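Let's take a walk through this chain together, going from the overall layout to a few spots in the backbone that deserve a second look. Please keep the model open beside you as you read.

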Amino acid sequence: MEARIDRVEAAAPPPGRKAVGVWLLVVAAMIVAMVIVGGLTRLTGSGLSITEWNPVSGVIPPLSETAWQQEFTLYKAIPQYQFENRGMTLSQFKGIFWWEWAHRLLGRLIGFVFFVPFVWFAWKGAIGRRDIPRMALLFALGGLQGFIGWWMVQSGLETRLSVSQYRLAIHLGTAIILLGAILWTALGYLRTRRETVHVPEALRKGAALFAGLVYVQLLLGALVAGLHAGLIYNTWPSMDGRVFPEGAFFHQPWWINFFDNPGLAQFDHRIGAYIVAISAGWLWWRGRKAGLTGLARRSNVAVLHTTLLQVALGIATLLMQAPIHLSATHQLVATLLFCVAVWHAFEMRRAAAPSGALRATSPASGGG
């Protein structure tokens with residue numbers, strides 16, 4: 001009995017390990033909120049309302065009528081105001097300003113909520129020595145994301161009426177990579193025991209591939225959003241009675257149409273949705289056939305259900321010509337689907353990994 005107790009105590013996680021996982025989940029949830037607020041900022045046409053990037057002083061919004069007029073004057077100098085919003089009142093400007101300000105403030109808060117606990121957990125030894133460089137890299141990636149956001153805004157300040165769809169996709173793509181990396185790390189800290197489940201190699205690789213497919217689909221969605229392509233071809237399953245959009249290869253060279261042609265961008269996003277849906281069905285069917293149990297089975301079912309919900313939302317958003325509430329919900333569920341896909345890939349890898357390999361990649365393996 002004493003030997004058994006000794007073995008259990010030896011396998012117990014180090015103090016603070018689960019606290020680290022919870023902290024990272026909070027950061028991940030904040031990034032999800034950041035993505036949604038960013039989407040609402042774009043949908044309300046607010047993203048260009050702040051024409052300067054002041055990482056420190058920008059925390060404080062205008063506090064006087066004079067300060068508001070100065071911000072409004074800067075906005076009046078850009079093409080979006082001159083060609084789309086000429087005649088806007090100061091009160092209307094404040095409405096779009098607060099969206100962009102809240103988006104930037106949330107980004108700063110995420111940096112603070114990440115950095116301060118990171119320093120504390122590292123000092124206490126709750127974060128393994130091997131994981132400290134990884135955490136520092138995640139923090140640096142978050143800082144890079146802020147710079148990319150300003151780089152994106154710059155694209156709409158001189159000649160365009162909105163931001164570049166390319167920079168929008170890069171901005172979203174970086175945020176999603178950061179979200180996936182933090183979520184994966186959090187799961188590694190939260191899970192202290194591995195379930196003994198046999199997972200076929202094809203199913204394990206399929207789960208990882210599915211997460212990649214969802215990521216690509218998110219990028220395609222960003223192109224659709226940047227090109228306002230959700231406002232055309234608002235029929236389904238056809239595209240105004242067509243299988244393929246009209247004038248799909250109007251621009252030259254032909255390959256630029258995949259990124260610049262709204263009709264083709266929407267077509268690509270539709271095809272991507274079909275591929276994701278079929279892949280989710282395949283994963284669910286193979287997982288059921290393989291007899292997955294526990295969290296492996298739950299994550300597998302969650303992938304299917306979240307995918308079906310997202311497909312339904314996508315069709316509804318298209319048919320209703322992308323109203324703000326549906327578009328924001330569609331983006332939220334897309335982000336959650338990526339999170340579920342990462343969770344499922346984690347469970348598949350964890351269930352398939354030999355015990356020794358699992359210990360070697362455990363966040364606690366760095367000691368501390």
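A good place to begin is glutamine 321, which counts as partly exposed at 49% relative accessibility. Bear in mind that what you are looking at is a predicted model. Glutamine 321 sits in the loop that joins α11 (294-319) to α12. Its backbone is worth a look: although glutamine 321 is not a glycine, its phi is positive, at about 60°. Most residues other than glycine have a negative phi, and most peptide bonds are trans. We will come back to both halves of that rule further on.

Staying in this part of the chain, move on to leucine 326, which belongs to helix α12 (residues 324-352). Is leucine 326 buried or exposed? With a relative accessible area of 12%, leucine 326 is buried, because buried means under 20%. Leaving aside residues up to four places away in sequence, leucine 326 touches Leu313, Ala316, Thr317 and Met320. For one of these partners, alanine 316, the spacing is easy to check: the two residues are 10 apart in sequence, and their C-alpha atoms are 7.8 Å apart in space.

Now step back to the whole chain. What secondary structure does the chain have? There are 13 helices and 0 strands, so the pattern along the sequence reads α-α-α-α-α-α-α-α-α-α-α-α-α. Of the 368 residues, 45% count as buried. Among the contacts with a separation of 6 or more, 80% are between residues 24 or more positions apart.

Helix α2 makes a handy guide to the packing. It covers residues 17-43, and at 1.5 Å a residue its 27 residues should span 39 Å; the C-alpha atoms at its ends are 40 Å apart, which agrees with that expectation. After α2 comes glycine 45, which has a positive phi near 65°.

To see how α2 packs, it helps to recall how such pairs are described. Two packed helices are described by the angle between their axes and the distance between the axes. Take helix α7 (residues 165-190) first. Its axis and that of α2 come within 8 Å and cross at roughly 160°. Angles over 145 degrees count as roughly antiparallel, and α2 and α7 are therefore roughly antiparallel to each other. The crossing of α2 past α7 is left-handed. What kinds of residues make up the contact of α2 with α7? They divide into 20 nonpolar, 3 polar and 3 charged.

Next, look at helix α5 (residues 90-124), whose axis comes within 9 Å of the α2 axis and crosses it at roughly 170°. By that reasoning, α2 and α5 are roughly antiparallel to each other too. Here again α2 passes in a left-handed crossing. In the contact of α2 with α5, the residues divide into 20 nonpolar, 4 polar and 1 charged.

Follow the chain beyond α2 and you enter the loop between α2 and α3 (65-76), where you will find threonine 51. Threonine 51 is buried, with a relative accessible area of 14%. Which residues does threonine 51 touch, not counting those up to four places away in sequence? The answer is Leu74, Tyr75, Ile78, Trp150 and Leu157. Threonine 51 and lysine 76 are 25 residues apart in sequence, with their C-alpha atoms 10.0 Å apart in space.

Let's finish in the loop between α8 (201-226) and α9 (257-260), which is home to proline 237. The peptide bond leading from tryptophan 236 into proline 237 is cis, with omega near 10°. Proline 253 is found in the loop between α8 and α9 as well, and the bond from glutamine 252 to proline 253 is also cis, with omega near -5°.

The loop between α8 and α9 holds tyrosine 233 too. Although tyrosine 233 is not a glycine, its phi is positive, at about 50°. Here it is useful to think back to glutamine 321, another non-glycine residue with a positive phi. Glutamine 321 is partly exposed, whereas tyrosine 233 is buried, with a relative accessible area of 13%.

How values were computed
Residues numbered from 1 in each chain as written. Predicted model: local features only at pLDDT ≥ 70, side-chain atom pairs only at ≥ 80, totals over all residues. Heavy atoms only, no water. Helix = DSSP H or I, 4+ residues; strand = E, 2+ residues; numbered from the N terminus. Expected span 1.5 Å × (residues − 1). Axes fitted to C-alpha atoms, helices over the stretch in contact; angles between N-to-C directions. Parallel < 35°, antiparallel > 145°, perpendicular 65-115°, else oblique. Left-handed = near helix turned anticlockwise from the far one by under 90°. Nonpolar A, V, L, I, M, F, W, Y, C, P; charged D, E, K, R; others polar. Buried < 20%, exposed > 50% of the residue type's maximum accessible area, 1.4 Å probe, protein only. Contact = heavy atoms within 4.5 Å.
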